[in-house]
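Work through the exercises below with the structure open beside you. Try each task before reading its solution.

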Amino acid sequence: MEVISNHNWALTVGTFLPLVGVLIMLFIPKAEEALIKSVAIATAIATLAVGIYTMVQFDFGNAGAMQFVAQHDWISVIKSSYYIGIDGISLPLYLLSMVITVLVMIYSWDHVPSPGNPKAFFILMLILQTGMAGTFIARDLILFFVFFELVLLPMYFMIGVWGGENRQYASLKFFLYTMFGSALMLVAFLALFFKTGAESFSIPFLIEQGMNISRTTQIWIFAGMFVGFAVKVPMFPFHTWLPDAHTQAPTQGSVILAAVLLKLGTYGFVRIAIPVLPEAAKAWAPYIGGLAVIGIIYGSLGCLAQTDMKRLIAFSSVAHMGFVMLGISTLTSFGMNAAMFGMVAHGLITGMLFFVAGSVKERYHTLEIKRISGMLLQMPKLGWILGFCAMASLGLPGLAGFWGEFPAILSAYQPAPGLSVNVFRTYMVIAAIGTVFAAGYLLWLFQRIAFGEPAAEFAAGHGHDEDIHDVNKFEWIAWTPLLIAIVVFGVYPQLMFKVLDPAVGVTLKAFGG
Amino acid sequence: MLSTIATAAWSSPTIDYHALAPEMILGAGIVLLLLLDLFLSDARKWILTPVASFTLLGAFLPVLTLALNNAGTRQMFDGRYVIDDFSLVMKGMFLLAGYVVVLLAADYIREGDYYQGEFWFLMLSSIMGMVMMASSRDLISIFVSLEFLSIPAYMLAAWRKRDSRSNEAGIKYYLLGVFASAIMLYGMSLLYGITNSTKLTEIGASLGSNLTSIRALAVFFVVIGFAFKISAVPFHTWAPDTYQGAPTPVTAFLSVASKAAGFVALVTVVYVGFPGSHAVWQPVFWILSAATMTLGNVMALKQTSIVRMLAYSSIAQGGFILMPLAVAGETGVAESALRAVVTYLIVYAATNLGVFAVVMVVARKTRSGEISSYGGLFSYAPGIATLMTIFMASLAGIPPFGGWFGKFAAFQSLVSAGTTWAYVLAIIGGVNSVVAFGYYGSILREMWMRPVPDGDTSPVSVKSSLAVALGITGLATLLLGVLPGIVIHFGDIAGLAGAFGR
């Protein structure tokens, strides 16, 4: 692994800069709310600037190779090192986490959820940012594990303190599920370490050595990682924490959860489980694909049954992550590209949908679908943004969602050599049916909420309408970049595919494709 | 017989004064405390507190110089008293933990007017026993050290003599402790009868791996005797009552230093004395470990009193520390198991002392020992609540706080053993570490998500000595988690001289 660029400080700074902001904020009195928010947002923007610098310096002609690589001793006695780098797969997610953090913080300027305390709220978001960015650049399993876990506590508090009525239950459920997954994942990492000669936790090293492990052992180790990552994705049947967490989380928490945290799981599959254990990946692929399509159908049916807008979006996440996992399970370059694209697209679109849901809740003080109607008359801009996101989410060609969903389905037509074509073609058909459901529940949602006359209780002059106003300044600033990105990636998907493709090729080297 | 002894030329043993310096400084400090207590007027008794803390720090200095000296293992008294890397690390830990306990106890003892001189005298004596324990490689010196550290601890537990709970704490601790000593002594006497020696390395060589039932019984009794000290299930029954009844700083001391001393003795005896008998002690440790963490966790889930919850948590943590010992006899695992135990003990000491510091700070304000009294702590004392969050996360094993690395090291040595039983124990441990979040999380929930129970949100005052204790333990917990390399550096050199016949 040659060092391509000597700018390798960029990743370290980009990852840990938010913690510097946290340190500064610790010394600002709690009452200075505006100052606290400014410092936090400035930190996030500075972090994003470092991220953009990284992107500018990134050698796109060589996106398959690790760049900005840095390696230092960390815990030498267990042969783990501070080993980081970024390639075409990591870059989009790394940047996505930074962009989302900035936008969520801007949105939070006048949307700090009850019970207030912006100091703690913004500090937690900055810590989350470090954890997310770190996970996407770690090239060492232990480093990956530490960053992967670092996001747990801040999200736990975000849901548990600033969440809805049932927040304590939801936050505990989120925490216990994830922790259980990580415990098994850690045991799997350790088994992998010892089965490859106890020499190193570095991922490139393990990719070289992993294929020498016997098939049975690989399958067992993969099982441990599978549980850890599948809980995070979340895949059916490990998904039950997600609707609760999303529904109870504050808007900001939901957005970060949907846009970035879920990707930590799929990223784990793509970066670690599949390249390190190719034999096991082949053995597991049909089951992963099966659970993925079950997730698609189950999530869609779940959506149709929901009466709460936020819960509906949460279930749609289960379905969308099903498409991502289906693409991954084909073990083809085509499917993997689609999955990676789908991850970013889902981050943008579902993040946006949760933003809208948060704003709807703020205005109507309810998310119950049947109580809200006629949004287009009362708040045309918010209504059309909701419509736009619903279209993007259902996979309308020309918007970003399409390029994650459609190629994922298509990739199941021809899975990697060695996988049963019949099984995957069946999955393809089921997944295609899932898209019909998706159109169904999203359009139905839009129709019920946006069309018709405003409900009597929210109509003008009934005392409930003082909060009902259209999109405000902070919302515009926070949302516009996402809306633009959804269109740009929808019209010109090559922008991302050309970054992803070489890196995906490297990842799938063991599969000859 | 007599004549041979009489005629044998007696030469005094060579004494390595540098190696014995920590013990000698401690001894001098203990004597000084006694004398000062005699001659000082009550109004000036406060001087005793700095004397106690400087004695501990003073004793820590030679530990540092010995560690930096790097002259290899120093042996005295025919190899029955050994200064190796393992003993230095543990001595350092006992002295620093003792120093933090002095910080915790300083105001508590002064305000309660609880016989300051005697308190410090007993506490330093107990620490002296621990420091000696780390070097003992002989059944006699191990037993003497054990009693040296235990007997003052019995009295400390019963310190609040007008409080019936404290009396109960002392009596229970005393009775069960003496019972354990008796069992252990019986095992030791069998060992002496079988091997004709009290020196551990000779016992190890003589026992070999040839296990007759009487040898197995002897090993079993000794191990069980120590199981009381580390409050392993089913020998844990004294711990919750003693922890609850004893003064809080004493509880902190018992749950950290005294427990660690038990582990030090256990590891020494098993590694140096019974290396070939792993067929006996491995299954015993396996069962103790699984039972201890499971039962400790389940009981901790039900507690409403913070100190009782911490008592069961400390029992459960003991189960985790035992995990690597259940596979320590497998080829090539001994070293990583020892490293895991040492690392875990250090991390656990830093974290748990911090927890008790917070408990004392909060109890001063709320005058309550219930978990519910932590309600809304974050809203009026964010600093204390954040520290408690760090400590709880560390105990639960969540990165990036110290505890994760202790657990990681324990799991690592289990997985490196690679046997089916090791994997089963690893999975039991994994499930338990999730269950443990049930009660550690309940504290977090109270602090962050619940309202203040009595609506009293006046700021919490933190005494300066407690603030220093919080600072030390908080920083240590964070540092050990982010850069575990620094402890592991000690763990790396923590070879136990003579272990496994080497």
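The exercises go from whole chains to single residues.

This is a predicted model, in which local features need pLDDT of at least 70, side-chain atom pairs count only at pLDDT 80 or more, and totals for chains, interfaces and linings use all residues. Residues are numbered from 1 along each chain as its sequence is written, while chains are lettered from A and ligands numbered from 1 in the order in which they are written.

**Exercise 1. Chain A as a whole**

Task: Describe the make-up and packing of chain A.

Solution:
- Start with the elements. Chain A has 20 helices and two strands. Helices (H or I, at least four residues) and strands (E, at least two) are DSSP runs, numbered from the N terminus.
- Take the radius of gyration next. It is computed over C-alpha atoms, and the globule rule is 2.2 Å times the number of residues to the power 0.38. For chain A the radius is 22 Å, close to the 24 Å that the rule gives for 513 residues, so chain A is as compact as a globular protein of that length.
- Then the extent. The C-alpha trace of chain A spans about 75 × 60 × 40 Å along its principal axes.
- Now burial. A residue is buried if 20 or more other C-beta atoms lie within 10 Å of its own, exposed if 12 or fewer, and partly exposed in between, with C-beta atoms placed from the backbone. Of the 513 residues in chain A, 62% are buried.
- Finish with contacts. Two residues are in contact if their C-beta atoms, placed from the backbone, lie within 7 Å. Among chain A contacts with a separation of 6 or more, 79% join residues 24 or more positions apart.

**Exercise 2. Chain B as a whole**

Task: Repeat the analysis for chain B.

Solution:
- Chain B has 20 helices and two strands.
- Its radius of gyration is 22 Å, close to the 23 Å from the globule rule for 502 residues, so chain B is as compact as a globular protein of that length.
- The box along the principal axes is roughly 80 × 60 × 45 Å for the C-alpha atoms of chain B.
- Buried residues are 61% of the 502 in chain B.
- Pairs 24 or more positions apart supply 81% of the chain B contacts with a separation of 6 or more.

**Exercise 3. The side of chain A that touches chain B**

Task: Find which elements form this side and classify its residues.

Solution:
- Count first. 30 residues of chain A are in contact with 24 residues of chain B.
- Locate them. β1 (67-75), α5 (141-150), α6 (152-162) and α7 (167-195) of chain A each give two or more residues. α7(A) gives the most, with 14 residues.
- Classify them. Ala, Val, Leu, Ile, Met, Phe, Trp, Tyr, Cys and Pro count as nonpolar, Asp, Glu, Lys and Arg as charged, and the others, Gly among them, as polar. This side of chain A has 25 nonpolar, three polar and two charged residues.

**Exercise 4. A helix pair**

Task: Decide how α8 and α11 of chain A pack.

Solution:
- Read the geometry. Helix α8 (residues 203-210) and helix α11 (residues 251-276) of chain A pack at about 25°, with their axes 8 Å apart. Axes are lines fitted to C-alpha atoms, for helices over the stretch in contact, and angles run from 0 to 180 degrees between N-to-C directions.
- Classify the angle. α8(A) is roughly parallel to α11(A), a label for angles under 35 degrees.
- List the residues. α8(A) uses A:I203, A:L206, A:I207 and A:G210, and α11(A) uses A:I272, A:P275 and A:V276. Six are nonpolar, one is polar and none is charged.

**Exercise 5. Backbone oddities**

Task: Locate the cis peptide bonds and positive phi values given here.

Solution:
- A cis peptide bond joins A:F236 and A:P237, with omega about 5°. A:P237 is in the loop between α9 (215-232) and α10 (241-248) of chain A.
- Another cis peptide bond joins B:P399 and B:P400, with omega about 5°. B:P400 is in the loop between α16 (382-396) and α17 (403-417) of chain B.
- A:F68 is not a glycine, yet its phi is about 55°. A:F68 is in strand β1 of chain A. It is buried, with 26 other C-beta atoms within 10 Å.
- B:S231 has phi near 45°. B:S231 lies in the loop between α9 and α10 (238-245) of chain B. With 28 C-beta neighbours inside 10 Å, B:S231 is buried.

Terms used: Angles under 35 degrees count as roughly parallel, over 145 as roughly antiparallel, 65 to 115 as roughly perpendicular and the rest as oblique.
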